[in-house]
Protein chains: 2
Amino acid sequence: MRILVTGANGFIGRVLVQRLLTTGVLSGKPISTLILLDKELSDFPEDNRLRRSVGSVSDAALLRRILADGIDVVFHLVSVPGGAAEQHYAQGYEVNLQASLELLEQLRQQPAIPKLIYASSVAVYGPSLAGRMDETARTHPEMSYGSHKLMVEVALNDLARRGEVDGRAVRLPGIVARPRAANGLRSAFMSDLLHAFAAGEPYCCPVSPQATAWWMSARCCVDNLVHMAQVDKSALGDQHVWQLPLLHLSIAQVIDALAAVYGEHRRELITFAPDESLEALFGRFPAMSAPKARALGLRHDGSAAGLVRNALNPSARTRRAGVANYSAGDLAHETD
Amino acid sequence: MRILVTGANGFIGRVLVQRLLTTGVLSGKPISTLILLDKELSDFPEDNRLRRSVGSVSDAALLRRILADGIDVVFHLVSVPGGAAEQHYAQGYEVNLQASLELLEQLRQQPAIPKLIYASSVAVYGPSLAGRMDETARTHPEMSYGSHKLMVEVALNDLARRGEVDGRAVRLPGIVARPRAANGLRSAFMSDLLHAFAAGEPYCCPVSPQATAWWMSARCCVDNLVHMAQVDKSALGDQHVWQLPLLHLSIAQVIDALAAVYGEHRRELITFAPDESLEALFGRFPAMSAPKARALGLRHDGSAAGLVRNALNPSARTRRAGVANYSAGDLAHETD
């Protein structure tokens, strides 16, 4: 089993690579080669299954060399994030659109049909969401990022229909808790709030407590990516683009869950200075119903408590604070 | 006013070029230069406004030379048709997708914002149409042709939203009456029926009399393309992709209109040998309602009689047969 991860050095990529190395198998087959592609690759473990390819995904010749020995599964995660892609159009066009199209082209020319797990985005829906969303909602992207993600979905869907690439796109929400760094994501506040609360630092939240968003931890996201790679093709039918189930929570609900783990007294460290334009973009998400995705085995974090646990892994702290451990049942808790 | 027409040698392109030369103005401004781009260009009139560029739209350097002196309006018509694009994927990918993306890229780098009228297609909806369609219908293409058209719509919409290209996409149905030639169009029977009836030749129709389709003459199509180029930007609002109003007619209704012009006796020349797969693709179209497009001034042929007149221009024959001329009122007749 030869696997390629694009954007391997990224936030989700690193968690995915660690997971694949730990489990060592995918679809019951041992992973012989795990190829990491990214502009830089730092602090990956020494492991003779790893191959490091330092370079750009938009380097078609590099991609061709990587795929020359054949490939079974590709996790295509790399992207220029939304804010950066909007500001630097050419960069987003090159990476988010053209590199993805080139990858699809090269995959369809592989002798054996490869599996492609594509990290798409809820940005394909655009800012005007219906009062209650479901997984069949209309797409109407209004940023270049979402437009390019949608275009790649359409291309992937077409090649999957033609039977040339076993394409499986999943639409991701903002994933938490990203490292605190300038990363071009206007939704970074969602991660920053979690980190600040966990660290016991003051934090001024740029959206109101009533702001609602879609949440998912990196751990849960990787669960879904791996599941999508393993699910039987027949279960997918002719659907090649899937909306992940999403946890719909207000900032207040997330703070409640954080306070339950890290202590009520930390609430006072959080202040609010809502930015109207940011709240309009990231603070008015309706509930998302995704029964088909759930039936396929895709999952969200289950609850605000599950989100905090998965995103921040506060188990040591939790035990010290004498708070009961979360039961496995949390993950079965339905909130969507 | 400098205008470029891609696919100028094609069925719609030729009618459009003739129209532009005849009217001589667009948006009230005289047309100084009309650049024709196509793989071949034959039988265009001598006219000092015409510039002939023989070559492929996917030749980026040629495109750059064409646009070097600036451009005001582009009619982007060229495409590898549906059947051919499905069979020869690489060709459709190159022309229908990549050349269109390259054109958009070059247009967004023009110093003055150019207008782009893009001939998209009802193929973006895919084969599973709702019982009653309207202009807000969901897209779900299931051929590479429709997938690539949809991807270009999304790209155009994004650049129009960014204010970098004044993009205006219109979704065309099958246009009649195309010259009778092998052209890769599985919907060619729609044109062939009209030609055969007009010529008084026997014709075996590959769909049943009950088969319903969306119809538009080349004349009406060009009316719409020119209207779309002239309509004020403020009237478009933030909508950059438009469904044309469509005439929804059964084969039987079209034959009735043909018989009224060319004589009842010709009905016996038409036989039927329905091909189930062709009828499934092109013979079960529901009505299409497009009130917003009509409000914008876009039009269909008005009636089956109007379609036959516009598509075949049978006025000479009509007069000889003593049939009354159609009144201008025909065009206002509502059938959608």
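**Helix packing and the chain A–chain B contact**

Colleague: At what angle do helix 2 and helix 4 of chain A pack?

Modeller: This is a predicted model, in which local features need pLDDT of at least 70, side-chain atom pairs count only at pLDDT 80 or more, and totals for chains, interfaces and linings use all residues. Residues are numbered from 1 along each chain as its sequence is written, while chains are lettered from A and ligands numbered from 1 in the order in which they are written. Helix 2 covers residues 60-67 and helix 4 residues 89-108 (helices are DSSP runs of H or I, at least four residues, numbered from the N terminus). Their axes, 11 Å apart (lines fitted to C-alpha atoms over the stretch in contact, with angles from 0 to 180 degrees between N-to-C directions), form an angle of about 35°.

Colleague: Which residues of helix 4 of chain A meet helix 2 of chain A?

Modeller: Residues are in contact if their C-beta atoms, placed from the backbone, lie within 7 Å. Helix 2 brings A:Ala60, A:Leu63, A:Arg64 and A:Leu67. From helix 4 come A:Glu102, A:Leu103 and A:Gln106.

Colleague: How many residues does the contact take from chain A and from chain B?

Modeller: 100% of the interface residues of chain A are also interface residues in chain B, so the copies meet through the same surface. The contact takes 11 residues from chain A and 11 residues from chain B.

Colleague: Which residue of chain A comes closest to the rotation axis?

Modeller: A turn of 180° with a shift of 0.0 Å along the axis lays chain A on chain B with an RMSD of 0.0 Å (least squares on the C-alpha atoms of residues with pLDDT of at least 70 in both). The two copies are therefore related as by a two-fold rotation axis. At 2.5 Å (C-alpha), the residue of chain A closest to that axis is A:Met151.

Conventions: Helices (H or I, at least four residues) and strands (E, at least two) are DSSP runs, numbered from the N terminus. Two residues are in contact if their C-beta atoms, placed from the backbone, lie within 7 Å.
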